[in-house]
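Got your viewer open and a cursor ready? Let's take a walk through this structure together, one selection at a time.

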Amino acid sequence: MKLTSEQQAVVDSTERKLCLRAFAGTGKTSTFVGRSKAWPERTLYLAFNKTVADEAKSKFPSNVTPLTTHSMAYRKIMGQGHQYTLGRISMFKVARMFKLDYYLASLVLRTLENYCNSAEDQIGLVHAEPDFICRYNHDIRPVEVDIAKKVWALVEGATNPTDYPMTHSIYLKMYQLSRPSLRYDMIMLDEAQDTNPVVQDIVLRQAAH
């Protein structure tokens, strides 16, 4: 397949960090393939979902490893012999354990999810889910943060993995907090516009290596 001049410019570029802007169907994958053939070094292709990663295995040369960020995190966190159980954290169990109403329990879990999708190291007020219906006549955010930290500790400690199972968001966050060093010479991040801050942090930190 003959590449366009725009694609060839990407293939030939010697920049350490390169951002490719392209519409759907304009040849992003063929550009990635051309790049990986021109630069036959150990390359990681990070796809948005497992289906895309699996399809990429038949398109890329052998020097490229197609994966999703969640699959890397799963191997590292869930595959280390910890007694984690994969599942969803019940809002009702959170409400019962911490004596919360169901609405506040839902805010706590949203706060935890916001933290897991962020690049920050600690759960803070910036992650607290707003009280959109103005149910409380005081700032409820410190309570959300405090309980979210306790729920995180219960999941991470795996003291009761059935009641507080490991979620996909939490093991990805734990992976990011471990500051992983990816053993690749080049990383291709597909669909970067849909990448959340936690994945961005994992990828951009690799430049230091």
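The tour below starts with the whole chain and then moves from stop to stop.

**Stop 1: the whole chain**

Before you zoom in, keep in mind that this is a predicted model. Show the chain as a cartoon and colour it by secondary structure: you should find nine helices and three strands. If you follow the chain along its sequence, the order is α-α-β-α-β-α-α-α-α-α-β-α. The C-alpha atoms fill a box of roughly 65 × 40 × 30 Å, taken along the principal axes.

Now switch on a surface. The accessible area of the chain is about 12200 Å², and 53% of that belongs to carbon and sulfur atoms. Of the 209 residues in the chain, 42% are buried. How much of the contact count comes from residues 24 or more positions apart? Among contacts with a separation of 6 or more, such pairs account for 63%.

Colour by charge if you like. The chain has 26 positive and 22 negative charges, and their mean positions are 4 Å apart.

**Stop 2: the three strands**

Select β1 (43-47) and β2 (64-68). These two strands run parallel and are joined by five bridges. To see one pairing, pick A47, whose bridge partner in β2 is T68. Is β2 mostly covered or mostly open? It is mostly covered, with four of its five residues buried.

Next, add β3, residues 186-189. Strand β3 also runs parallel to β1, and four bridges join the pair. Here, select L44 and look across to I187, its bridge partner in β3.

Show the side chains of β3 as sticks. In a regular strand, side chains alternate between the two faces of the sheet. You can see that in β3: M186 and M188 point to one face and are buried, while I187 and L189 point to the other face and are not buried.

**Stop 3: just before β3**

Step back to D185, in the loop between α8 and β3. Is D185 buried or exposed? With a relative accessible area of 55%, D185 is exposed. Set aside residues up to four places away in sequence, and D185 touches E41 and R42. Try a distance from D185 to L44 as well: the two are 141 residues apart in sequence, but their C-alpha atoms are 8.1 Å apart.

**Stop 4: helix α4**

Select residues 69-78, which form helix α4. Which residues of α4 are buried? They are T69, M72, A73, I77 and M78. Keep those side chains on screen and bring in the surroundings: the buried residues of α4 pack against β1, β2, α8 (168-177) and α9 (197-204).

**Stop 5: salt bridges**

A search of the whole structure finds eight salt bridges. Begin with E191 and K28, whose side chains meet at 3.4 Å, N to O. E191 lies in the loop between β3 and α9 and K28 lies in helix α2 (residues 28-38), so this salt bridge ties together parts that are 163 residues apart in sequence. E191 has 25% relative accessibility and counts as partly exposed.

Then select helix α7, residues 141-157. Inside it, the side chains of K150 and D146 form a salt bridge at 3.3 Å, N to O. The two are separated by about one helical turn because they are four residues apart in α7. Both are partly exposed, K150 at 40% relative accessibility and D146 at 37%. For a linked set, select K50, D54 and K57, which salt bridges with shared partners join into one network.

One further pair to pick is D139 and R141, with closest N and O atoms 2.9 Å apart in a salt bridge. D139 is partly exposed at 42% relative accessibility, and R141 is partly exposed at 34%.

**Stop 6: I140**

Finish with I140, found in the loop between α6 (102-116) and α7. What does its accessibility say? At 6%, I140 counts as buried. Leaving aside neighbours within four places in sequence, I140 is in contact with L104, L107 and D131. As a last distance to draw, take I140 to P130: they are 10 residues apart along the chain, and their C-alpha atoms are separated by 8.6 Å.

Notes:
Residues are numbered from 1 along each chain as its sequence is written. This is a predicted model: local features need pLDDT of at least 70, side-chain atom pairs count only at pLDDT 80 or more; totals for chains, interfaces and linings use all residues. Side-chain values use heavy atoms; hydrogens and water are left out. Buried means under 20% relative accessible area, exposed over 50%, partly exposed in between (1.4 Å probe, protein chains only). Contact means heavy atoms within 4.5 Å. Accessible areas come from the Shrake-Rupley method with a 1.4 Å probe; for residues, only the protein chains shown count as cover. Lys and Arg count as positive and Asp and Glu as negative; His and the chain ends are not counted. The place of a charge is taken as NZ of Lys, CZ of Arg, CG of Asp or CD of Glu. Two strands pair if DSSP finds at least two bridges between them. A salt bridge is a side-chain nitrogen of Lys or Arg within 4 Å of a carboxyl oxygen of Asp or Glu.
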